[in-house]
Amino acid sequence: MATKVYIVYYSMYGHVEKLAEEIKKGASSVEGVEVKLWQVSETLPEEVLAKMSAPPKSDVPIITPKELAEADGLIFGFPTRFGMMAAQFKAFLDATGSLWRMQQLAGKPAGIFYSTGSQGGGQETTPLTAITQLVHHGMIFVPIGYTFGAGMFEMERVKGGSPYGAGTFAGDGSRCPTELELEQAFHQGKYFAVIAKKLKGSA
């Protein structure tokens, strides 16, 4: 039976979504793994989003909290707001109380990826503070560590990401994830899928 990996994210300007798509490619490259992209609901009204020049959302389906329990592994992605996950994603996790009461996510592997506006804008604090959500659900955090190899030590080019997971810098919104950042995202997806598959096989 295939291992189900859900990539669940919130993306306002598309940076996190680009990483999500690459993570899906990486996870899908592992035989026996089925991967699905999901996004969480927007909490801001349309008029506010328009003032923020946010583009329309993609047609990736909106997930409900109960659907998280279907997955064998979950990879969560979100942009940073003052060094922590965006409120839209926090609101989604705040709605998982029924899953928490039944511990339906306990023992499932979980990864994190993210986008920040600047180099000092939360590339480590964002995933670090997000881990509390996983802990209360009893999930197993799967960081990439330094498994990405030389790419983790890149000093000549600006690169998002950390041992916690793949990342990118949005800057003023015009910067797109670089080839190296996308390679790291692909690596995270593949690395995570292998672990999720092993965990399911040993269950």
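Guide: Helices here are DSSP runs of H or I with at least four residues, strands are E runs of at least two, and both are numbered from the N terminus. With that in hand, you can place E22 in helix α1. The model is predicted, with local features needing pLDDT of at least 70, side-chain atom pairs counting only at pLDDT 80 or more, and totals for chains, interfaces and linings using all residues. Residues are numbered from 1 along each chain as its sequence is written, and side-chain values use heavy atoms, without hydrogens and water.

Visitor: Is E22 buried or exposed?

Guide: Buried is under 20% relative accessible area, exposed is over 50%, and partly exposed lies in between (1.4 Å probe, protein chains only). E22 has 17% relative accessibility, so this glutamate counts as buried.

Visitor: Which residues is E22 in contact with?

Guide: A contact is a pair of residues with heavy atoms within 4.5 Å. Beyond its neighbours within four places in sequence, E22 is in contact with L182, A185 and F186.

Visitor: Let's turn to the strands. In which sense do β1 and β2 pair?

Guide: Strands count as paired when DSSP finds at least two bridges between them. Strand β1 (residues 3–9) and β2 are parallel, with seven bridges; V5, for instance, has V35 in β2 as its bridge partner. Between the two strands the chain passes through helix α1 (residues 15–28), and this β-α-β crossover is right-handed. To see the hand yourself, point the strands away from you: a right-handed path from the first strand over the helix to the second runs clockwise.

Visitor: How many residues of β2 are buried?

Guide: Five of the seven residues in β2 (residues 33–39) are buried, which leaves the strand mostly covered.

Visitor: And which strands does β3 pair with?

Guide: It has three partners here. β3 runs parallel to β1, with five bridges, and there Y6 stands opposite L74. β3 is also parallel to β5, through six bridges, with P79 opposite S115. With β4, in contrast, β3 runs antiparallel over two bridges, and R81 faces M84. Eight of the nine β3 residues are buried, so the rest of the structure largely encloses this strand.

Visitor: What joins β3 to β4?

Guide: They form a hairpin with two residues between the strands. One to look at is F82, in the loop between β3 and β4. Most residues other than glycine have a negative phi. F82 has a positive phi near 55 degrees, and it is exposed, with a relative accessible area of 87%. S53 is another non-glycine residue with a positive phi, about 60 degrees. S53 sits in the loop between α2 (46–51) and β3 and is exposed at 58% relative accessible area.

Visitor: How do I read the faces of a helix, say α3? Which of its residues are buried?

Guide: Look at which way the side chains point; the arc used here is that of the directions from the helix axis to the C-beta atoms. In α3 (residues 87–94), the buried residues include Q88, F89, F92 and L93. They span an arc of only 135 degrees around the axis, which means that they lie on the same side of α3. A87 and D94, on the other side of α3, are exposed. Among the elements covering the buried residues of α3 are β1, β3 (73–81), β4 (84–85) and α5 (125–137).

Visitor: Which residues touch the most other members of the largest nonpolar core?

Guide: Such a core is a set of buried Ala, Val, Leu, Ile, Met, Phe, Trp, Tyr and Cys residues joined through side-chain atoms within 4.5 Å. The largest has 28 residues, and V8, I63, L68, L74, F76 and F89 touch the most other members. β1, β3, α3, β5 (109–116) and α5 each give two or more residues to it. A second, separate core has 21 residues, including I23, V35, L37 and A196.

Visitor: What does V8 touch?

Guide: Not counting residues up to four places away in sequence, V8 touches W38, V40, I63, L68, L74, I75, F76, G77, F89 and F92.

Visitor: Next along, is Y9 buried or exposed?

Guide: Y9, in strand β1, counts as buried at 0% relative accessibility. Its contacts outside its neighbours within four places in sequence include V16, E17, A20, L37, W38, S58, F89 and F113.
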